[in-house]
Structures are given as C-alpha cells and as structure tokens.
Amino acid sequence: MGGAGPSWPFASLRHYDAQPFHHAGWFIGAMSVSMNAPPLPASILTSPRLCQWLSIAPETDRRITMYSGKVELGQGISNALSQIACEELGLEPQQLTLVAGHTAFSPDENYTAGSQSIEVGGAAIRAAAACAHALFARAAARLLGVAEESLRVDRGTFSSPLTAAVTDYWALAGEVDLAQAISPAPLRRRADYRCAGRSLPRADLPAKLSGAAYVHDLVLPGMLHARVLRGGHRACCLARVDTVALQALAGVSAMVHSGQFLAIVGADEEALVRALEQARKMVVWTLPEALPPQREIAEMLPALPCVSSVVHLQGDAAVPLVAHRARYSRPYLAHAAIGPSCAVADPAEGRLTVWSHTQGPHALRAQIAAALGRNMAEVEVIHMAGSGCYGHNGADDVAFDAAFIAQSIAAPVRVQWMREDEMSAAPCGSASLVEIAGGVDADGKICAWDIQIWSHTHIKRPGWGTGINLLGAWAKEPPIAEPPDMDVPLPAGGGQRNAIALYDLPHQQVTYHFIGQSPIRVSALRSLGAYANTFAIESFFDELAAKAAVDPLEFRLRHLADPRARAVILEVARRSGWQLTPPAGSGTGMGIGFGRYKNRSAYCAVVASVRVEEKVHVEKVWAVVDAGCVVNPDGLINQIEGGIIQSLSWTLKEAVTWSETGITSRTWEDYPILGFDEVPEVSVHLVDRIEEPSLGSGEAAAGPTAAAVGNAVAHALGIRARHLPLTAERLTLLINESS
Amino acid sequence: MRSSVTIRVNGRTHEVRADPDAPLLYVLRNNLDFKGSRFGCGNGDCGACTVMIDGHAVQSCTTPLWSVLANSGQEILTVEGLAADPIGALVREAFLEEQAAQCGYCINGIIISATALLKRIAQPSQAEILAALDRHLCRCGTHVRILRAIQRAIRLMAQGPLP
C-alpha cells in the first residue's frame with residue numbers, strides 16, 4: 001500500500017480485486033483510492049449517482065435498499081445480487097431489500113439477458129455498494145475519531161478496537177450525500193467473502209410455494225380481465241368480425257377493436273374464457289401471403305433470400321490429408337413457459353402503470369409510451385415474477401395488450417394469454433442450418449475449417465434495434481410498421497454466436513447467411529445461435545476425430561491450449577469415466593460436448609451417456625462448469641441443471657410446426673417437451689476460481705449438452721444424426737437410409 | 001348461470017357465487033383468492049393447477065365446480081392449506097430445502113401431487129413417483145431437484161412420527 005496520496009481505507013479488510021471489466025494492467029500502483037479501485041462498470045456510467053442504486057432510511061429496522069435493473073426470472077439473480085451487495089456493505093442478507101425492474105426507482109440496465117446479470121449487473125451492484133461502504137466508513141471514522149483502517153463493519157454497524165463507541169449506516173445517513181456520483185472504491189477481497197460464495201437459499205421461493213407471488217396473481221380494485229383474439233400469424237387481417245354478436249356474448253362487458261387488434265373484456269375471468277371460445281368462431285382471419293410450407297430446415301433455409309458475409313477469417317487453409325463436410329440443423333423452438341404470459345395495467349390518474357414479467361422494464365416503458373403516443377413520464381413499468389423466462393417470450397407483448405386495453409376502456413385490466421397464444425403468438429427461437437467443411441493433416445491436426453451458418457435474427461426485442469417491437473402495436477389502429485429484422489453482430493453474435501470455434505485452429509472462416517424474413521416470428525431464445533453452432537462444431541469435431549482415428553476427447557485437447565478449457569474437459573472426462581467402449585453401433589454410447597459461452601463467458605464441458613432403443617434414452621449427464629468466482633454455488637448448479645434438461649428437451653423432442661396460415665404446434669400435445677420419465681441422472685460440478693471474474697453461465701449448458709447427446713447417439717448407433725430434434729422418427733429414417 | 005354453492009377448501013366451508021360448470025381453478029383463484037393453483041393450459045396437460053380432492057391429485061382446470069360441492073362430502077386442498085397437513089407441510093419443506101424450483105410456477109401443483117402420493121404410499125417406488133408426476137410439466141428443467149425433494153420427503157417421513 002503506502003506511498004503518496006491517501007491510503008486505502010480498511011487496509012486490513014479490503015484489497016484490490018480483479019474485475020471482469022478491466023485488464024489487470026490498468027492498475028498503475030497505489031497512488032490514490034480512485035487509482036487503486038477498478039474502473040466503473042457500464043451500468044454505473046449510465047446511472048452514475050449513488051442514490052440510483054441505494055437508499056438508507058435513518059429510522060428503519062436496520063435495512064438498506066438497493067436498486068437493480070436485473071430482474072428475477074427464476075434464475076435466482078435477486079439472491080446473488082443481494083449477496084454481492086451485502087458482502088460489500090457488511091450486511092446480513094435479511095437486512096437488504098432489493099428493488100429490481102421498477103422503472104420509477106431502478107436503474108436502467110437494459111435487459112436481464114445474455115447471461116450478463118452477474119457480469120454486468122453484479123459488477124454494478126458491487127461497485128455501488130463498495131462506494132457506499134467507503135463513504136460511510138469515512139463518516140464513521142470521523143464520528144468515532146479513529147482511523148478508517150481500524151474500522152470493521154458487521155451487520156451494518158461500524159466498530160473499532162480503538163473505541164467502545166459504535167455507529168452504523170442508519171445513524172450516519174445524514175452524513176453522506178447519496179446524490180453524489182459513484183466513485184471507484186476498493187472491493188472486498190474474494191478470499192475474505194462471508195456472504196457471497198455461499199449457497200444461500202432463495203428468498204423468493206417460500207412465497208412462490210405458498211400462494212400469490214406472480215404478476216398472474218395481482219388483483220387491483222375494479223380490475224377487469226381481457227383476452228385478445230389473434231389470427232395464426234402476426235400478418236393476419238380481420239376479414240370478418242361480428243362485433244355486435246361479440247359484445248353480446250355472456251361474460252363480455254366491453255370490446256376493444258382497433259385495426260387488426262381485437263380484445264374482449266369482462267369482470268369474470270372464467271366467463272370471459274368461455275366467451276373467448278365462442279368469439280373465436282365469430283372471427284375470420286386472412287393471411288395476405290401464405291407461409292411457405294413446412295419442410296426440413298436444411299432444405300428450407302438455404303432456399304430463402306439471404307445476405308451473406310464472411311464475419312471471421314483467420315489464417316490460411318492447408319490442403320488436408322482427410323477432408324470432410326457436413327450439415328447440421330436445428331428447428332424453430334418455442335419458449336413454451338408453463339404459465340402463459342400475463343400483465344396488469346392501470347390507467348388511473350392520467351397515467352399508465354404496467355406490471356409485467358418483462359426482461360427489460362425500461363425498454364418496455366419506452367416502447368409502450370411510443371406505441372401509444374404517451375409521454376414517457378406518464379408510463380411506469382413494474383417488474384413482477386412470471387413463469388419461466390428463457391428469452392424474448394410473450395411478456396412484452398401481453399404488457400402492451402394490457403396497456404392498450406386499459407387505456408382504451410379506462411379501467412384496470414389483467415390480460416393472461418391462453419396456452420395457444422403462448423405457443424403461437426410469442427416469438428420462437430430461430431432455426432439454423434450450419435455447414436462445416438474441414439480437414440485433418442498428416443499429423444492428425446485440423447488444417448482447414450470453414451463454417452457457414454444460415455439463420456434469421458436471434459433478437460428482436462422491444463427497444464433493441466429500430467422501431468417498435470410489440471405484437472399489439474403492429475395490429476392496432478393506426479398500425480406501427482414492424483421494423484426489419486437485424487441480427488446481433490459478433491463478438492456477441494446472434495445467429496453467429498459461438499460460430500468461431502474456441503479451438504486453436506490454424507485456419508477458420510465463418511460465413512453468415514442472414515435470412516431477413518422468417519415464416520414465423522423469431523427472437524431471442526436461451527443461448528441464441530450458440531445452441532446450433534456448438535452442436536455443429538462439436539459434432540464435426542467428433543466426425544473429424546473419427547476420420548483421424550483419434551479419441552474425440554484427445555482430439556479436442558490436441559487443439560486446445562486454454563488451460564481453463566482443458567481443465568473442464570479433463571474434469572468431466574474423469575468424473576464420467578470417459579471411455580468409448582463398447583465400440584460404435586452397440587446401442588449404448590457416450591459423447592462429449594464443450595463450449596465457452598459467447599467465447600468469453602462460462603466454460604462448460606458435458607458428457608452424456610445414452611441408450612438407443614425405440615428412441616434415445618439419455619441415462620446420465622455429467623457437466624463441469626468454470627464460471628470464475630461463483631456467487632451462489634447452488635444457484636449456479638440449479639441453472640446448469642436446468643440448462644441441461646431444457647437442452648435435452650430441445651435436442652430430443654422439440655420443433656415448432658406450421659401450416660400456410662400459422663403455427664400449428666399450439667398445445668402440449670402438438671409440442672411435447674421432456675417428461676419426468678425421460679429425465680436422466682444429472683451431475684454438475686463447478687470449478688470455483690475465486691480470484692477470477694464471475695462469468696455469465698445461465699446459457700452455458702445448452703450447446704454442449706446437445707453436442708454431447710448427438711455424439712453419444714452417433715457412438716451408440718454408429719450413424720451420425722445431424723438434424724435436430726433426434727426423435728425416434730428421424731433416427732428410424734436415418735437408419736433405414738444408411739442400411 | 002351463476003348460483004350460490006358451497007365447497008370445502010383447506011378445511012373450511014366457503015359459499016361461492018359461480019357458474020356450476022366453471023372450472024374449479026377459476027373459482028379457487030378468483031372467488032376465493034387461493035392463487036397458489038395456477039393456470040397453465042386449461043386442458044389438464046401441464047399440472048400447474050393441480051389440487052387435492054379427497055386425497056387425489058386432480059387438475060382443477062378441467063374439474064367443474066358442480067363435481068366438488070360440499071354436499072358430496074368432498075374436501076379440496078390447495079397449497080395454501082398445506083401447512084395444516086403434516087405430510088403436505090413436510091413435502092413443501094423438502095422442496096424448499098432442496099431449492100427445487102426455478103421460476104416456481106409449476107411447483108405447487110407438483111407438491112400437491114407428491115403429497116397425494118405420499119399419503120397413499122409412504123415408500124413409493126421410483127416408478128410410482130414417476131407415475132404421480134406423469135401429468136406434470138416443468139419448463140425450467142428443475143426435474144432433478146423435484147425428484148430429489150420427493151426422495152427427501154420420503155426419508156423425512158420414514159424418520160419418525162409426523163408432528
């Protein structure tokens with residue numbers, strides 16, 4: 001420490017700690033507090049004042065409130081953020097209230113998406129809490145007449161061995177100006193963590209497992225229910241509607257008919273739902289242009305108009321000794337949350353307050369205001385828990401539905417989509433086709449690698465890109481034109497996410513064929529393009545390994561210098577007892593899949609063991625994950641387990657189907673997902689690297705799991721299945737073709 | 001048409017004004033404010049709405065109100081009434097201890113089905129557990145924890161007399 005300038009406060013407690021948002025080389029010595037502390041995270045730059053992140057009421061029951069833009073979606077983020085805040089502030093978790101996603105109070109941190117909530121949101125909470133801690137400690141030292149270095153903070157109370165007197169955040173509340181800009185402050189050393197790093201049980205679960213807890217359960221005085229009538233496709237037009245008969249239906253007290261937007265309203269939800277069945281028969285929809293007929297993704301996508309570009313090129317290809325080329329595909333996938341999307345809107349007092357399970361409350365607020373021509377100041381969005389969120393589902397759309405209907409009838413309204421809406425009106429995850437051509441040289445190493453991807457956008461969220469992205473806003477009068485699709489460029493990437501292989505290859509060329517028009521509505525679904533790209537890359541690795549007659553595990557290690565990548569692969573091999581016996585084609589098999597999400601977030605290696613009989617039975621899945629410093633180990637394991645099982649469901653069973661008029665997979669019968677009787681044993685191991693930055697991990701397992709299963713099935717059958725899902729029908733076809 | 005009927009929910013008698021053909025789910029949620037039973041599909045396919053009726057796990061979204069009236073002697077149990085049910089309370093506790101939830105939307109229905117199973121069979125086989133979960137879906141992929149929570153509840157039950 002020492003040297004010129006002020007010394008560190010709490011030298012005994014706090015030390016420089018590596019952070020995800022800087023390079024260690026940024027630090028140039030202990031010259032001042034600000035020079036010693038890490039630079040401020042992105043969210044702090046957009047919401048710079050301390051009071052945007054934290055409030056301390058002097059007379060409360062010793063609680064501090066922190067504000068976050070990262071919302072609880074069932075991923076346990078509220079726990080993790082609270083733990084980070086408590087760690088820096090010196091509080092017990094029960095002393096902290098987290099207010100997330102309330103546009104009146106919470107900072108705008110964009111979306112809760114992309115496995116960014118710990119990396120970005122956690123870093124912001126940490127920086128804000130650390131700054132508050134530093135300021136209050138300085139005030140405490142002044143008040144107690146002791147050096148800051150002698151202070152300790154426990155449960156919000158500052159004490160020092162040099163005095164019997166103590167003080168606390170609440171007593172000092174008048175001493176610190178929270179309106180000031182957050183300045184970089186030293187962070188607690190991770191080795192000293194007391195609260196973060198522990199598997200604290202989730203604070204939100206007891207209520208959810210007791211009764212009312214979701215936006216679905218919210219009841220406002222005088223609240224009415226509404227249901228929206230929609231055609232099979234967003235471009236459908238109302239060809240015929242008998243509005244008089246609609247309004248006369250039992251259970252219907254009002255109707256909102258504006259352009260192609262049609263909703264019925266009633267006080268009794270059950271009667272309204274019954275009326276909806278009748279109402280659907282009174283409406284005729286036409287689709288101006290029939291959808292292209294459904295066929296194999298691998299045939300359909302390359303036939304659609306696209307814009308092609310080389311998005312990555314490194315090195316030169318050498319002429320391989322053994323060359324290989326293969327195509328892989330994934331279908332359109334539904335979010336298919338168990339609870340259909342829901343929102344409540346209240347138009348009281350010339351304002352519009354919307355309760356929503358959106359991923360981006362601030363973005364939604366701006367989009368609703370713009371779509372309804374309202375002043376932003378009149379619109380509030382308050383996040384509440386919803387059913388499972390795996391990306392851009394119907395949450396924002398139903399929030400607009402509620403807002404528009406509430407404004408139209410001047411009464412508070414709750415709208416819950418029906419099962420069919422959730423399956424057919426919400427965006428789907430984009431289909432992809434991936435072709436890889438590559439080869440191996442005489443040394444058994446890859447010397448040429450050319451990957452091409454055909455896909456649509458993987459993100460079309462409200463507030464992302466241009467225009468308004470709300471289903472109802474495209475339908476109402478005057479309609480707002482749907483903005484054109486555009487995808488996320490690399491390095492994050494949408495359709496190209498994880499298209500650059502993490503392996504050390506002398507040559508890599510990545511070409512993206514972006515298809516601007518999709519037969520069905522698409523946007524972000526967990527892991528975006530990484531699911532298909534990782535499946536393809538890891539499958540192709542196994543195929544090349546077979547051609548080179550090398551064990552696939554060994555073949556990966558041969559091309560991988562990154563020690564953290566090697567460590568997760570070696571550890572999953574050890575834990576799974578990796579061996580490719582019996583030989584291929586015996587009906588049972590093992591497969592491995594590896595990926596580092598976005599090539600910069602968590603590392604994840606997966607091994608699956610399968611038995612293939614009348615269908616694929618996945619018997620056990622092992623995963624090893626390196627997400628850097630882990631904030632809540634059990635929470636992270638829960639996310640990885642969930643990611644594995646959801647990916648198994650996609651990989652083995654799921655595909656959205658459509659006809660010329662719209663999506664036909666509208667119920668659980670048409671869109672089966674993994675059942676309890678199909679769930680394998682799952683074993684997740686975390687490599688906790690406490691001195692490394694925390695890495696986003698919620699989406700890390702999707703691609704590696706698909707690849708592990710695909711490779712295991714190939715091992716079991718002796719035949720490679722490259723087109724998802726790996727259903728019994730598809731495998732039977734494949735077997736018949738090959739025999 | 002709406003009429004006044006009487007049903008027994010969570011050990012109490014409730015008079016509700018509702019259409020006898022109305023699915024029980026809406027009556028529980030909107031007339032009686034028992035929000036722990038949740039709408040998922042309206043078809044009995046997903047299990048989010050599951051309640052216990054006379055010890056059996058039943059999808060309340062496809063159960064008409066007229067079929068569960070108090071005068072037929074039927075007792076309805078929702079997650080709100082679990083605290084008063086020794087096995088139900090234990091199952092719920094096991095789910096919390098195992099952190100067997102992600103979004104949690106499907107869990108209450110599953111807790112009800114697990115409770116109904118353990119009331120019927122104290123030491124169910126894996127096949128019996130899977131059969132009890134046959135009408136339930138979970139989208140977050142919490143299955144492994146859900147199965148672990150049920151196993152924990154079975155162990156707790158085996159450990160001794162319930163409170």
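**Exercise 1.** Is Gln646(A) buried or exposed? Then find its helix and its contacts.

*Solution.* Keep in mind that this is a predicted model.

- Step 1: The relative accessible area of Gln646(A) is 2%. Buried means under 20%, so Gln646(A) is buried.
- Step 2: Look along chain A for helix α16, residues 633–653; Gln646(A) has its place there.
- Step 3: Leaving out residues up to four places away in sequence, Gln646(A) touches Tyr390(A), Arg526(A) and Arg139(B).
- Step 4: Take Arg139(B) from that list: its backbone oxygen is 3.1 Å from a polar atom of the Gln646(A) side chain.

**Exercise 2.** Work out which strands stand at the edges of the open sheet β4-β5-β6 in chain A.

*Solution.* Let's start with the order.

- Step 1: The sheet has 3 strands, ordered β4-β5-β6, and their pairing is antiparallel.
- Step 2: β4 (152–154) and β6 (163–168) each have a single partner strand, so one side of each has no neighbour in the sheet, and these two are the edges.
- Step 3: On average, neighbouring strands here are turned by 30 degrees against each other, direction ignored.
- Step 4: Now zoom in on β5 (residues 157–160), which 3 bridges join to β6(A). For Phe158(A), the bridge partner in β6(A) is Thr167(A).
- Step 5: Finally, find helix α4 (residues 117–144), which lies across β4, β5 and β6 of chain A and runs at about 140 degrees to β6(A).

**Exercise 3.** How many bridges join β1 and β2 of chain B, and what do these strands form?

*Solution.* Move over to chain B.

- Step 1: Strand β1 (residues 3–9) and strand β2 (residues 12–18) run antiparallel and are joined by 7 bridges.
- Step 2: Pick out Val5(B); opposite this residue, in β2(B), stands Val16(B).
- Step 3: With 2 residues between them, β1(B) and β2(B) form a hairpin. In the turn, Asn10(B) has a positive phi of about 50 degrees.

**Exercise 4.** Decide whether the rings of Tyr67(A) and Phe105(A) are stacked or edge-to-face, and do the same for Tyr214(A) and Tyr105(B).

*Solution.* A pair of aromatic rings is described by the distance of the centres and the angle of the planes.

- Step 1: Over all chains, the count of aromatic pairs is 17.
- Step 2: Tyr67(A) and Phe105(A) have ring centres 6.5 Å apart and planes at 25 degrees, so this pair is stacked.
- Step 3: Tyr67(A) belongs to strand β2 (residues 64–68) of chain A, and Phe105(A) to the loop between β3 (96–100) and α4, so the pair ties together parts 38 residues apart in sequence.
- Step 4: Compare accessibility: Tyr67(A), at 11%, counts as buried, whereas Phe105(A), at 48%, counts as partly exposed.
- Step 5: For Tyr214(A) and Tyr105(B), the centres are 5.4 Å apart and the angle between the planes is 75 degrees, which makes the pair edge-to-face.
- Step 6: This pair crosses between chains: Tyr214(A) is in the loop between α5 (205–208) and β7 (224–229) of chain A, and Tyr105(B) is in the loop between α2 (86–97) and α3 (107–120) of chain B. Both Tyr214(A) and Tyr105(B) are buried.

**Exercise 5.** Which charged end sits over the ring of Tyr105(B)?

*Solution.* Return to Tyr105(B).

- Step 1: The charged end over this ring is that of Arg38(B), 5.9 Å from the ring centre.
- Step 2: Chain A offers another example, with Arg461(A) over the face of Tyr111(A), 5.1 Å from the ring centre.

Technical notes. Residues numbered from 1 in each chain as written. Chains lettered and ligands numbered in written order. Predicted model: local features only at pLDDT ≥ 70, side-chain atom pairs only at ≥ 80, totals over all residues. Heavy atoms only, no water. Pairing = 2+ DSSP bridges. Helix = DSSP H or I, 4+ residues; strand = E, 2+ residues; numbered from the N terminus. Axes fitted to C-alpha atoms, helices over the stretch in contact; angles between N-to-C directions. Contact = heavy atoms within 4.5 Å. Buried < 20%, exposed > 50% of the residue type's maximum accessible area, 1.4 Å probe, protein only. Polar contact = N/O pair within 3.5 Å; in protein donor to acceptor, adjacent residues only side chain to side chain. Phe/Tyr/Trp six-rings, centres within 6.5 Å; stacked < 30°, edge-to-face > 60°. Lys NZ or Arg CZ within 6 Å of the ring centre and 35° of its normal.
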